[in-house]
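Open the model in your viewer and keep the sequence panel beside it. This tour goes stop by stop: what to select, then what is there.

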Amino acid sequence: MWFLLLVSLVLISFAVLYLWKKYAQAPNPFRKDARVPRKPYIHDQKKRDAVLKQGFSKDKIPANLDAILIGSGIGGLTTAAIMAKAGKRVLMLEQHDQAGGCCHTFIDKNYEFDVGIHYIGEMGCQTLNKTIVDQISEGQVEWAPLDHEFDVCQIGYEKEARVYPVSTGTQEWMKQLKKRFPEETKAIEKYFSMMKTTKASTTIHGALKLLPLWLVKLILASRILHLVTNLYKPEYTKCVLDLVKGLTS
């Protein structure tokens with residue numbers, strides 16, 4: 001029974017992919033490397049505002065829209081940029097006076113401030129995230145490396161505060177934790193091993209999001225993911241606090 005169900009799911013998946021490839025009209029926005037040499041920075045605030053602060057007007061709405069996106073945060077902007085590069089006509093609406101969401105900046109007393117973003121990981125080499133940003137920005141976003149100890153975790157206040165630095169690099173961070181908590185060496189190694197396991201299933205998560213909803217429901221109902229993935233292990237089904245409590249003494 002399980003074998004027949006698995007074969008049926010595979011055949012259905014190939015059929016969906018074949019139909020999508022046959023009838024999809026939009027060009028692939030990631031087919032070619034979109035990066036171009038960096039253009040000069042624009043420091044003139046009026047020129048920047050002309051792009052970021054476009055007031056709404058019915059006269060600006062183009063005809064024959066393919067999609068309307070509500071909210072110009074990083075998710076909305078990424079989606080809109082990819083759709084536009086795929087040849088779609090997209091309208092993005094934002095209730096604030098400028099686009100960007102938590103990635104926008106504001107100026108006060110001649111100083112420019114970020115409103116939410118602190119740092120972004122996996123941008124030092126050509127990862128999936130960096131490739132997406134390079135494609136939608138045409139390589140115009142540059143990245144500055146962080147300090148070796150780029151953050152701290154503080155427990156308590158003032159003289160009773162305990163401060164633990166967070167370092168770049170998984171191995172270095174693990175080494176620091178072992179040095180501070182030598183009695184928890186095995187628990188720390190187990191925790192990092194579990195985190196590595198969850199990262200390995202990113203592809204499965206992405207595939208499930210791309211498949212039609214009816215097919216995803218069928219796959220979940222069949223419980224086949226229990227057999228061929230690790231999505232139901234404790235590192236997925238427990239919150240971090242419960243997971244750590246189960247590992248530490």
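Select E122: is this residue buried, partly exposed or exposed? E122 counts as partly exposed, at 41% relative accessibility. The classes are set with a 1.4 Å probe and protein chains only: buried is under 20% relative accessible area, exposed is over 50%, and partly exposed is in between.

Before moving on, some ground rules. This is a predicted model, in which local features need pLDDT of at least 70 and side-chain atom pairs count only at pLDDT 80 or more, while totals for chains, interfaces and linings use all residues. Residues are numbered from 1 along each chain as its sequence is written, and side-chain values use heavy atoms, with hydrogens and water left out.

**Stop 1: two positive phi values**

Stay on E122. It is found in the loop between strand 4 and helix 4 (128-137). Helices (H or I, at least four residues) and strands (E, at least two) are DSSP runs, numbered from the N terminus. Check the backbone: phi of E122 is near 60°, a positive value in a residue other than glycine. Most residues other than glycine have a negative phi.

Now select K109. Its phi is also positive, near 55°, and K109 is not a glycine. K109 is found in the loop between strand 3 and strand 4. At 70% relative accessibility, K109 counts as exposed.

**Stop 2: the hairpin**

Extend the selection to strand 3 (residues 105-108) and strand 4 (residues 111-114). They pair in the antiparallel sense over 4 bridges. Pairing here requires that DSSP finds at least two bridges between the strands. The hairpin has 2 residues between the strands, and K109 takes its positive phi there.

Show side chains next. F106 lies in strand 3. Which residue of strand 4 does F106 stand opposite? The partner is F113. F106 is partly exposed, with a relative accessible area of 37%.

Add Y111 and V115 to F106 and F113. Together these four make a nonpolar surface patch of about 400 Å². Patches are made of residues with over 30% relative accessible area and no salt bridge; like charges are joined within 9 Å, nonpolar side chains (Val, Leu, Ile, Met, Phe, Trp, Tyr) within 5 Å. Areas come from the Shrake-Rupley method with a 1.4 Å probe, and for residues only the protein chains shown count as cover.

**Stop 3: helix 3**

Select residues 74-85, which form helix 3. At 1.5 Å a residue, its 12 residues should span 16 Å, and the end C-alpha atoms are 16 Å apart, which agrees. The expected span is 1.5 Å times one less than the number of residues.

Colour G76, A80 and A81: these are the buried residues of helix 3. Look down the axis. The buried residues fall within an arc of 130°, so they line one face of the helix. The arc is that of the directions from the helix axis to the C-beta atoms.

**Stop 4: salt bridges**

How many salt bridges does a search of the whole structure find? It finds 6. The criterion is a side-chain nitrogen of Lys or Arg within 4 Å of a carboxyl oxygen of Asp or Glu.

Start with R35 and D33. Their side chains meet at 2.7 Å, N to O. R35 counts as partly exposed, at 42% relative accessibility.

Go to K130 and D134. Their closest N and O atoms are 3.1 Å apart. Both residues lie in helix 4, 4 residues apart, about one turn of the helix. K130 is buried at 15% relative accessible area, and D134 is buried at 4%.

Then pick E189 and K178, a salt bridge of 2.7 Å, N to O. This pair links helix 6 (residues 185-199), home of E189, to helix 5 (residues 170-180), home of K178. E189 is partly exposed at 38% relative accessibility, and K178 is partly exposed at 23%.

**Stop 5: I224**

Finish on I224, in the loop between helix 8 (213-222) and helix 9 (225-228). I224 is buried, with a relative accessible area of 8%. Draw a C-alpha to C-alpha distance to I132: the two are 31 Å apart in space and 92 residues apart in sequence.
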